[in-house]
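Visitor: Could you walk me through how some helices pack here? I'm new to this.

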Amino acid sequence: MSKKYVYLFKEGNASMRNLLGGKGANLCEMTRLGLPVPSGFVVSTSACMEFNKNQTLREKIEKQIFNAIKKIEKLTGKSFGNAQNTLILAVRSGARISMPGMMDTILNLGLNDEIVEGIASQYNPRFAYDSYRRFIQMYSNVAKGIKIEEFENLIDVIKQQENIILDKDLTTENFKDLIKLYKKIYKKNTGEEFPQDVKIQLMEAVNAVFGSWFNQRAVLYRRINNIPDDWGTAVNVQSMTFGNLDEHSGTGVAFTRNPSTGENKMYGEFIMNAQGEDVVAGIRTPLPIEKLKEENEEIYNEFVGYATKLENYFKDMQDMEFTIQSGKLYILQTRNGKRTPTASLKIAVDLVKEGKINEKEALLRLEPNKLNSLLHPIFNEAELKKRKPIASGLPASPGGAFGKIAFSVEKVIELKKENQKAILVRLETSPEDIEAMTISEGILTARGGMTSHAAVVARGMGKVSIVGCENLKFVGNKIKLGQKLYQEGDILSLDGTTGNIYENEISLVPSNLTGDFSTVMQWVEKHKVVKVFANADTPQDVKEALKVGAEGIGLCRTEHMFFQENRINIMREMILADTLQEREKALKKLLKFQKKDFIDIFKEMKEKPVTIRLLDPPLHEFLPKNKQEIENLAVLLNKTQEDIQEKVVKLHEFNPMLGHRGLRIAVTYPEIYQMQTRAIIEAGIEVKTKYDINSNIEIMIPLTICAREFLHVKKDIKETANEIIKSANLKLNYKIGAMIETPRASLLADEFAGIADFFSFGTNDLTQLVYAFSRDDSEKFLDDYYEKNIFKINPFDKIDEKGVGKLMKYAIKNAKKVNPDLKIGVCGEHGGEADSIDFFVNLGISYVSCSPFRVPIAKLACTISSLKIKN
């Protein structure tokens, strides 16, 4: 039996989303539930991957498609290609995860010169020719790559000639003229006449939608959202329903709850006498869904009934598209709606309160990486009250953002390269703007409603957005807001919560994590397994980490304590010392500072673990960089400038990341780690005797590559620590562990497992060494790797599971054979990234450690990953 690639809606169900895509699977499910879904079928994701492999569909797949067409003809009583009772189709994409606007759609397929006349004689002629010109435009753009502007410009010309302002005032004759002009554009660009064979139209459309899986914006969207390329998209072929047939027809998009705030209230928009792309593209400003009740109460009540049924069935907020054709309602799509981070929390909490789902189910639905924006700053309320908005629009996605005005994708990218914040300002956004939307601080559009492209995509990204700002006018190469003109480079502040727009910058303050976020974090505490520590280097960092729920300090970088103004020159004195005695004299000065810091840290942390990494960077990083600094240091240390310059040159390293750093410093200069060990142990003794705190001390040796090297340094640390403890005549526990951040240490993890008290993977350096990339310099060339589809993600943002991850898996497996109870953590910045955390939890790590502000999201991610394993 040959493989099945095509499924009628009645043959599929919601569990088949990997094969049929999210949209197709839900269309099948709605058909099973008896909702008024226009007849259709799904061409599967497996067909997509075959197409993208061969750039064509095999004959057997094409045969299955036309067999499905025959079945749809029987169901609808219409005939594909018949001028008198024609079947018109919509051809839409549908990946297993919603990618709004990233792939292509073709509507009104099946029209040609003969069929349009048949429809005109049966229905409204204006509707017939409007539909045909829309089809030519979409088909030319999607199937043949002809720029949409070529067609839109012609509409503007006709409107100017006829003195028409709105598209709805274009006449049948205007549309006939446009059709002739559109065909000329098609022929000019392709060298062919516009196809009249509807079967050719259909197969070209299916091929084009499959091909759009690898268009630039879809590839970028997948990279941003970590969606694999090998999933593919399905194609949904569906009998068209027409919202532009007459005055009793219309189209709309609605959510069962507010996707911006999460409020349990129907939220949506519609336009009468229009097609779906008019709403989504923001071409016409729609009416709120409540107004549909005034337009047609029976249809409104019917729609509300279906919306309620679907939310109760899928147990999540639904995003629905619908069409009304001559007073009859059709449901075209439902999916779990994209929502802001704030809304995602409220909806999760409310669904639990309503008894629709339990806490574990609610946690599993949250996307930790999307919630990161909740930890970002918001506008200073006191300052906001003093400022008057210059304009306002629809608050599509909440939060505060400021930046320089940018009118184009190119300008946003330019500002980003200059480390400048950008606000993307557009008449309306399109899928081609995805890169600019991703890297801008906020988005402002003149057109569009709360369900327009800009609103939907911004909410999904957690990006501040204001849409439908009627006071925003484009005047040449400037914009007018209120009574004033602004140009690129001027600064605006956007309040996505209220929709207000302000001139110049408004300062930002830390967000306040309360309410629904607190409720979710209470669930996390109930169900978490893996611990989350923070990377913190000062007592103030530690306080912040504890405020956000850190369960320990997983990385205290001692070198950061030396960069303070009153310490850096003492550090330089130690480095520039000519003799051991001089060096020890400087180290004695540093000791009191380090000890004081550790006392303050231990007092804050009580008995929670504190993992202290001994000095790691190469010594030259502490030395003066310019002539003035050298002059000042020479006076301070009573040395000549020449002596200092000579030492600076001598200590300079061509490749410092691979040079004299980490425990290699301790092999050469054991007195440095001895001083640090003394500071740690004496601090532990003092907090124990003065404050009755039993500090949980973990001393971590960085950059180890072999067991003998580790043992050499560990022995020195242990002798120093034990001597101090013995002199104090008390008991003080401490551990000495290995930071696994070299490939060799990973490969020999079993050797370290018997001699180290714990492991901590330094994934930043491990990634650098595996890739032979400098983290600081790789940004200069990684964009080329993304553009050429060599890399999907930055390996410093998300762990490389195939390379770095494979090393980690090998290391953990072998280490656990030697010591099954070995404590193993991750302290690189990957420890705060949700997808990386999911990988680490599955490896069996004990904890992750990350920047303090990422702790809440890391705790959520760890809990979700643990729940997935249990399920």
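Visitor: Which residues in H8 do Glu 62, Ile 65, Phe 66 and Ile 69 in H3 meet?

Guide: Keep in mind that this is a predicted model, where local features need pLDDT of at least 70, side-chain atom pairs count only at pLDDT 80 or more, and totals for chains, interfaces and linings use all residues. Residues are numbered from 1 along each chain as its sequence is written, and side-chain values use heavy atoms, with hydrogens and water left out. Contact means heavy atoms within 4.5 Å, and helices are DSSP runs (H or I, at least four residues) numbered from the N terminus. On that basis, the H8 partners are Lys 199, Leu 202, Met 203 and Val 206.

Visitor: What angle do the axes of H3 and H8 cross at?

Guide: Axes are lines fitted to C-alpha atoms, for helices over the stretch in contact, and angles run from 0 to 180 degrees between N-to-C directions. The axes of H3 (residues 59–76) and H8 (residues 198–211) come within 12 Å, and the crossing is roughly 120°.

Visitor: Which residues touch the most other members of the largest nonpolar core?

Guide: Such a core is a set of buried Ala, Val, Leu, Ile, Met, Phe, Trp, Tyr and Cys residues joined through side-chain atoms within 4.5 Å, where buried means under 20% relative accessible area (1.4 Å probe, protein chains only). This one has 120 residues, and the top three are Phe 41, Ile 65 and Leu 202.

Visitor: And which helix gives the most to this core?

Guide: The contribution is 10 residues, and the helix spans residues 125–144. That's H5.

Visitor: Which residue follows H30?

Guide: Its phi is positive, near 60°. The residue is Ala 772.

Terms used. Helix = DSSP H or I, 4+ residues; strand = E, 2+ residues; numbered from the N terminus. Buried < 20%, exposed > 50% of the residue type's maximum accessible area, 1.4 Å probe, protein only.
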